[in-house]
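Visitor: Could you take me through this model and show me how its labels are earned?

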Amino acid sequence: MDAGKQTMKIQEFERYFNKLYMPLCMYALRMVEDVDMADDLVQEAFVKTWESIDGGVEIGNFKAWMYRCVRNGCAAYLRSRNEYVDIAGIVQANDDAIDTSERDALIWQAVNALPEKCREIFLMSKRDGMSNDEIAEELNLSVKTVKNQLTKAFARMRDALSDGHRPFFLPFL
């Protein structure tokens with residue numbers, strides 16, 4: 001393969017990586033229920049895919065290929081942990097699963113973009129289920145400050161996640 005073609009493939013691969021990495025992690029996380037393992041499995045899928053491409057394999061639908069690779073990696077991982085894994089119980093890489101993974105990735109990107117204290121309060125409230133009083137006590141803040149930070153978090157999340165007029169919800173929180 002000539003260097004010009006290789007460079008283009010590397011750039012295209014990097015674009016796919018940047019676009020699909022987080023959604024694939026969210027997809028894997030629903031299957032393996034371990035953040036670090038989901039991350040490892042997605043990285044491994046990208047490495048194997050790059051090796052296949054470098055070996056001359058042409059991939060028609062890269063996104064579908066990656067979701068299938070991650071699904072297969074998750075299934076293999078789950079089989080290695082248990083004597084029997086019902087493959088039918090593994091999340092299929094269908095449009096709904098892909099849409100959900102992409103939505104979850106956007107939500108986490110929006111959460112990660114919040115200012116540090118705002119993000120901490122938001123996660124304590126929504127992820128951990130703590131009341132405003134509990135958060136205020138734990139962080140040594142007034143309840144009013146907690147409420148203000150949550151209002152700010154929701155406004156920023158709404159702005160980051162709204163595309164047109166569609167409302168959003170936070171399914172994992």
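Guide: Let us begin in helix 5 (residues 116–126), where Glu120 and Lys117 are three residues apart and therefore separated by about one helical turn. Please keep in mind throughout that this is a predicted model.

Visitor: What makes Glu120 and Lys117 a salt bridge?

Guide: The closest N and O atoms of Glu120 and Lys117 are 3.2 Å apart, and since the rule asks for a side-chain nitrogen of Lys or Arg within 4 Å of a carboxyl oxygen of Asp or Glu, the pair is counted as a salt bridge.

Visitor: Why is Glu120 called partly exposed?

Guide: The relative accessibility of Glu120 is 32%, and because partly exposed lies between the limits of 20% and 50%, Glu120 receives that label; Lys117, at 41%, also counts as partly exposed.

Visitor: How many salt bridges does the rule give?

Guide: The count comes to two, and Glu44 with Lys48 forms one of them, at 3.2 Å from N to O. These residues are four apart in helix 2, and so about one helical turn separates Glu44 from Lys48.

Visitor: How do you know whether Glu137 is buried or exposed?

Guide: Glu137 has a relative accessible area of 68%, and because exposed means over 50%, Glu137 is called exposed. Glu137 is found in helix 6 (residues 132–139), and on the surface Glu137 gathers with Asp133, Glu134 and Glu138 in a patch of negative charge.

Visitor: What makes that patch negative?

Guide: Asp and Glu count as negative, and the patch consists of Asp133, Glu134, Glu137 and Glu138, so the label follows from the residues themselves.

Definitions and conventions:
Residues are numbered from 1 along each chain as its sequence is written. This is a predicted model: local features need pLDDT of at least 70, side-chain atom pairs count only at pLDDT 80 or more; totals for chains, interfaces and linings use all residues. Side-chain values use heavy atoms; hydrogens and water are left out. Patches are made of residues with over 30% relative accessible area and no salt bridge: like charges are joined within 9 Å, nonpolar side chains (Val, Leu, Ile, Met, Phe, Trp, Tyr) within 5 Å. Accessible areas come from the Shrake-Rupley method with a 1.4 Å probe; for residues, only the protein chains shown count as cover. The place of a charge is taken as NZ of Lys, CZ of Arg, CG of Asp or CD of Glu. Helices (H or I, at least four residues) and strands (E, at least two) are DSSP runs, numbered from the N terminus. Buried means under 20% relative accessible area, exposed over 50%, partly exposed in between (1.4 Å probe, protein chains only).
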